[in-house]
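User: Please take a close look at the cysteines of this model and at whether they are bonded or free. I would then like to see how that part sits within the rest of the fold.

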Amino acid sequence: MISTASTGPVLLYDGECGLCNRVVRRLLALDRDGKLRFAPLQGPSAQAYLRKHSLPVADFSTLVFVPDWPAGVAAPLLRTDGVIAALRAVGRPGL
């Protein structure tokens, strides 16, 4: 669960998806400064965010990049756009 004190970019991912878990592991390895936070879509923090932003709360087929957790003012980026934004957030835009 992401704490309410956490700020900055967050990647919400399907915790039951093998590909999503591999993406998260790769991003963790690339994020040397610990800029990015992660939360499974099935967890309480992600579920609350999804409800608040009228996104699906079941049958996940996406990754959701939230650029400004917890404010959520900027629009979330989904799927590939979300992964690209996460790479940029960890300082690896060329991958």
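Analyst: The sulfur of Cys-17 lies 3.1 Å from the closest cysteine sulfur, which belongs to Cys-20. A disulfide requires sulfur atoms within 2.5 Å, so this pair is too far apart for a bond. The relation holds from the other side as well, since the closest cysteine sulfur to that of Cys-20 is the one in Cys-17, at 3.1 Å. In this predicted model, a search of the whole structure accordingly returns 0 disulfides.

Cys-20 counts as buried, because its relative accessibility is 9%, below the 20% limit. Among the residues that touch Cys-20 is Tyr-13. Beyond its neighbours up to four places away in sequence, Tyr-13 also touches Asn-21, Val-24, Phe-38, Ala-39, Pro-40, Leu-41, Gln-42 and Leu-63.

Tyr-13 leads on to the interior of the chain. The largest nonpolar core has 17 residues, and Tyr-13 is one of those with the most contacts inside it, together with Leu-11, Leu-27, Leu-36, Phe-38, Leu-63 and Phe-65. Strand β1 and the helices α1 (18–30) and α3 (79–89) each contribute at least two residues to this core. A second core, separate from it, holds 11 residues, including Val-10, Leu-12, Val-64 and Trp-69. Such grouping fits a wider tendency: in soluble globular proteins, nonpolar side chains tend to be buried together.

Helix α2 (residues 44–52) has its own buried set, formed by Ser-45, Ala-46, Gln-47, Tyr-49 and Leu-50. The cover over these residues includes the strands β1 (8–13), β2 (37–40) and β3 (64–69). After α2 comes Ser-54, with a positive phi near 55°.

These elements belong to a chain with 3 helices and 4 strands, arranged along the sequence as β-α-β-α-β-β-α. Of the contacts with a separation of 6 or more, 58% join residues 24 or more positions apart. Of the 95 residues, 41% count as buried. The radius of gyration is 12 Å, which agrees with the value near 12 Å for a compact globule of 95 residues. The C-alpha trace spans about 30 × 30 × 20 Å along its principal axes. The chain exposes about 5400 Å², of which carbon and sulfur atoms supply 56%.

Terms used: Residues numbered from 1 in each chain as written. Predicted model: local features only at pLDDT ≥ 70, side-chain atom pairs only at ≥ 80, totals over all residues. Heavy atoms only, no water. Buried < 20%, exposed > 50% of the residue type's maximum accessible area, 1.4 Å probe, protein only. Contact = heavy atoms within 4.5 Å. Core = buried A, V, L, I, M, F, W, Y, C linked by side-chain atoms within 4.5 Å. Rg over C-alpha atoms; globule rule 2.2 N^0.38 Å. Areas by Shrake-Rupley, 256 points an atom, 1.4 Å probe, with all protein chains shown as cover.
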